[in-house]
Amino acid sequence: RTLMRRLDEDGTSFQAIKDGLRRDIAIRDLRDGHKAIEEISQDVGFSSSANFHRAFRRWTGVTPSTYRPPKT
């Protein structure tokens with residue numbers, strides 16, 4: 001309860017911290033270009049790639065494929 005109260009005082013929540021970490025890991029892996037989007041979605045804790053796509057768009061305003069490096 002103390003943690004929740006302190007996070008609230010700082011204007012954040014456990015869920016916001018968790019989502020930020022998931023977003024940052026996903027962006028790193030997408031830019032790296034070695035993992036499939038489905039694999040990344042599972043790695044960051046989503047049960048389906050559709051849920052991951054929705055969350056990623058909510059976090060960044062774009063789709064996960066936008067963060068992929070261009071294929072050479």
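The following questions and answers concern a predicted model and its helices, core and selected residues.

Reader: Which helix gives the most residues to the largest nonpolar core?

Author: The largest nonpolar core has 11 residues in all, among them Ala26, Leu30, Ile40, Val44 and Trp59. Helix H2 (14–32), helix H3 (37–43) and helix H4 (49–60) are the elements that each give two or more residues to this core. With 4 residues, the one that gives the most is H4.

Reader: How are H2 and H4 oriented with respect to each other, roughly parallel or roughly perpendicular?

Author: The axes of these two helices come within 11 Å, and they cross at roughly 100 degrees. Angles of 65 to 115 degrees count as roughly perpendicular. Therefore the orientation of H2 to H4 is roughly perpendicular.

Reader: How many residues of the contact of H2 with H4 are nonpolar, polar and charged?

Author: On the side of H2, the contact is made by Asp19, Arg22, Arg23, Ala26, Ile27 and Leu30. On the side of H4, Phe52, Phe56, Trp59 and Thr60 take part. By class, these residues divide into 3 charged, 1 polar and 6 nonpolar.

Reader: Which residues does Ile37 touch, not counting residues up to four places away in sequence?

Author: Ile37 belongs to the largest nonpolar core, and so do Leu30 and Phe52. Ile37 touches both of these core residues. With residues up to four places away in sequence not counted, the full list for Ile37 is Leu30, Phe52, His53, Pro64, Ser65 and Arg68.

Reader: Does Asp29 count as buried or exposed?

Author: The place of Asp29 is in helix H2. Its relative accessibility is 7%, and the cut-off for burial is under 20%. Asp29 therefore counts as buried.

Reader: What are the distances of the polar contacts that join the side chain of Asp29 to those of Arg28 and Lys35?

Author: Leaving aside residues up to four places away in sequence, Asp29 touches His34, Lys35, Ile40 and Arg68. A polar contact joins the side chains of Asp29 and Arg28 at 3.1 Å. For the side chains of Lys35 and Asp29, the distance is 3.5 Å.

Reader: With which side chain does Lys35 make a polar contact of 2.7 Å?

Author: Lys35 lies in the loop between H2 and H3, and at 27% relative accessibility this residue counts as partly exposed. Beyond its neighbours within four places in sequence, Lys35 is in contact with Asp29, Ile40, Asp43 and Arg68. The side chain that makes the polar contact of 2.7 Å with Lys35 is that of Asp43.

Reader: What is the relative accessibility of Ser41, and which residues does Ser41 touch outside the four places on either side in sequence?

Author: Ser41 lies in helix H3, where its relative accessibility of 0% makes this residue count as buried. Ser41 and Ser65 are 24 residues apart in sequence and 12 Å apart in space, C-alpha to C-alpha. Once residues up to four places away in sequence are set aside, Ser41 touches Phe46, Ser48, Ser49 and Phe52.

Reader: Does Arg58 count as buried or exposed?

Author: Arg58 lies in helix H4. The relative accessibility of Arg58 is 60%, and the cut-off for exposure is over 50%. Arg58 therefore counts as exposed.

Reader: How far apart in space are Arg58 and Arg5, C-alpha to C-alpha?

Author: In sequence, Arg58 and Arg5 are 53 residues apart. In space, the distance between Arg58 and Arg5, C-alpha to C-alpha, is 26 Å.

Technical notes: Residues numbered from 1 in each chain as written. Predicted model: local features only at pLDDT ≥ 70, side-chain atom pairs only at ≥ 80, totals over all residues. Heavy atoms only, no water. Core = buried A, V, L, I, M, F, W, Y, C linked by side-chain atoms within 4.5 Å. Buried < 20%, exposed > 50% of the residue type's maximum accessible area, 1.4 Å probe, protein only. Contact = heavy atoms within 4.5 Å. Axes fitted to C-alpha atoms, helices over the stretch in contact; angles between N-to-C directions. Parallel < 35°, antiparallel > 145°, perpendicular 65-115°, else oblique. Nonpolar A, V, L, I, M, F, W, Y, C, P; charged D, E, K, R; others polar. Polar contact = N/O pair within 3.5 Å; in protein donor to acceptor, adjacent residues only side chain to side chain.
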